[in-house]
Each structure stands twice: as C-alpha cells, then as structure tokens.
Amino acid sequence: RQRYVEKDGKCNVQHGNVRETYRYLTDIFTTLVDLKWRFSLLIFILAYALTWLFFGLIWWVIAYSRGDLEHLGDHSWTPCVNNLNGFVSAFLFSIETETTIGYGHRVITDTCPEGIVLLLLQAILGSMVNAFMVGCMFVKISQPNKRAETLVFSSHAVVSLRDDRLCLMFRVGDLRDSHIVEASIRAKLIQSKQTQEGEFIPLDQTDLSVGFETGDDRLFLVSPLIISHEIDERSPFWDVSRGQLERDDFEIVVILEGMVEATGKRGGAASVLWG
C-alpha cells in the first residue's frame, strides 16, 4: 500500500501546484545542493562552459574591433593578445585566463586598456564562479545522507511485556566502526484523526515517548540497542485493542539523528516500523 514514509526512510511526498517558485531562486545555493546529481553536474559544466564562451567571445570582439585579426604575422603591429588569431584561440585564452593555467603562448599586452579591464573582470568573476560551484559540489559530496545506509532498524516492531509493563519495542544498530556522536532517537505515530469539533486531519503526527523524560532517547550506539515505548495512560495505544491495532491504518516512523564522527556533520536516518 502507499506509504507516507517508505521503509528506507524516504518521504513519499510530492509538492504540486507551487506558485511562488521564485522562493527557490532566492536561496539558489540550497536549491543547487538539493538537486539530483545529474542536474547538478549539468549546471556545473554549463556554468564553466558558458563563462568561457562568453569571455572568449568578448576577447574575439576586442581583437576584431582593434584590427588584430587583420595584422596577423605583422611583427610591427602590437595586438591586444599575442598569438590570438581567431575565435578558437580566443576561447582557449579565455580558459587559460579563468583557470589560471598560463601556457605562455598567448599573453595580453600592455597597449590594450580594454583588455586589461576585461582581464580583471574575468579574474574576479571566475573566482566567484569557482567558489560558488566548488562550494556546491563540496557540500553535496559531504552530505551525511549515505551514512544512514549503515544504520539498521529492525524490520518489525513488537508489543510485549518488559518488567511487567506492556511495551512497544524495536531494535536499532550501526554497522560502521565510526560512531554516531550525540545520537538521539524519536518516534512518530502518523494516522488520520478527527477532532472533537469534527475537523478531519489526514496525517496527524503524535509523539511516542521513547525515553525523552528520562534521557533514554540519547543513545550510545556502539552496539545494537532495543528501544522501548511504554504503553501507559499517556500512550496513544492505551485504549487500542489487539484487533483494532491490526485493523487500523497508521504508520510508526522512527528518526535517528546524530553527528557523524568522521566528518563532524549532523545527519539522520528514518525508518517505518509499523504500517
């Protein structure tokens, strides 16, 4: 059946009819980081290719307007850029300038003030493009999402007695040797609800206590742990029978958050245990 959250923790929610799409552009950095890899790589390539083509075209226009292309091979003529004989060479010079490669064959002369201004402008804008795009790629690569692949939740939750108290229990473990620092766990009950006023809430979220009051929700996850939710008067399952529990349509979503020891970044994992 269709789930609100999949078993692997991915939210099965699609945004539709979003009218204020300009809000994504106001935070363009986060938008680029959140894009899929194929779109991020496409934008990464286009950002550099278009800037190289744009400045290469301007270098060619400067050489054409000054007449440098008409005096090729004339040693008495001082061009704006030495050894620039067409658009292809202007494009290559643009790449060399922005990437600071400097092969030494093409070089700007000091008799071209417009070229000096363009050189400064391309150096500044090129540094900005490098900082922005490399920053996006670094943040995207270092995201701790994949770290969640080695956090394992039990496939099913069970209701059983523990210390003469009825508890909902499940297990969580970490497969890696590097630990999740300051790990904390939460559990949410997601089901439809109708209020006393008759309002229908399709996806109401209710907290399931897994030790917040006692601090047991903060885990030292060096070995698999059993997480327990006591079914008492405060629990939403207090008045639910076994038969009703099997018939009701709901999900229990468990969220584990913590800091990745290897990178120092905070990440999390989610899983559906029931529903």
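The dialogue below goes through helices, a buried arginine, a partly exposed tryptophan, a cavity and a pocket in a predicted model.

Q: What should be kept in mind about numbering and confidence?
A: Residues are numbered from 1 along each chain as its sequence is written, and side-chain values use heavy atoms, with hydrogens and water left out. This is a predicted model, in which local features need pLDDT of at least 70 and side-chain atom pairs count only at pLDDT 80 or more, while totals for chains, interfaces and linings use all residues.

Q: How many residues does helix α3 have, and what span does it reach from its first C-alpha to its last?
A: Helices (H or I, at least four residues) and strands (E, at least two) are DSSP runs, numbered from the N terminus, and the expected span of a helix is 1.5 Å times one less than its number of residues. Helix α3, residues 37–66, has 30 residues and reaches 44 Å, close to the 44 Å expected; G67, which follows α3, has a positive phi near 85°.

Q: Which residues of α3 are buried, and what covers them?
A: Buried means under 20% relative accessible area, exposed over 50%, and partly exposed in between, with a 1.4 Å probe and protein chains only. In α3 the buried residues are S40, A47, Y48, T51, F55, G56, W59, I62 and A63, and their cover includes α2 (28–34), α4 (87–99) and α5 (113–141).

Q: What do the buried residues of α4 pack against?
A: In α4, which has 13 residues and reaches 18 Å, close to the 18 Å expected, the residues S89, A90, F93, S94, I95, E96, T97 and E98 are buried, and the buried residues of this helix pack against α3 and α5. Just after α4, T100 takes a positive phi of about 55°.

Q: Why does R106 count as buried?
A: R106, in the loop between α4 and α5, counts as buried because its relative accessibility is 18%. Contact means heavy atoms within 4.5 Å, and, leaving aside neighbours within four places in sequence, R106 is in contact with V81, N82, N83, S89, L92, F93 and E96. A polar contact is a pair of N or O atoms within 3.5 Å, where within protein one must be able to donate a hydrogen and the other to accept it, and residues adjacent in sequence count only if both atoms are side-chain atoms. One such contact, of 3.5 Å, joins the side chains of R106 and E96, and a polar atom of the R106 side chain lies 3.4 Å from the backbone oxygen of N83.

Q: Which residues does W37 touch, not counting those up to four places away in sequence?
A: W37, in helix α3, touches M137, K140 and I141. The C-alpha atoms of W37 and I141 are separated by 9.8 Å, although the two residues are 104 residues apart along the chain. W37 is partly exposed, with a relative accessible area of 41%.

Q: What lines the second largest cavity?
A: On a 1 Å grid over the protein atoms alone, a cavity is a set of points where a 1.4 Å probe fits but cannot get out, and a pocket is an open set with protein on both sides within 12 Å along at least five of seven lines; lining residues have an atom within 4 Å of a point. The second largest cavity is lined by L32, V33, S40, I43, F44, M133, C136 and M137, and the elements giving two or more residues to this lining are α2, α3 and α5.

Q: Which element gives the most to the lining of the second largest pocket?
A: β7 gives the most, with five residues.
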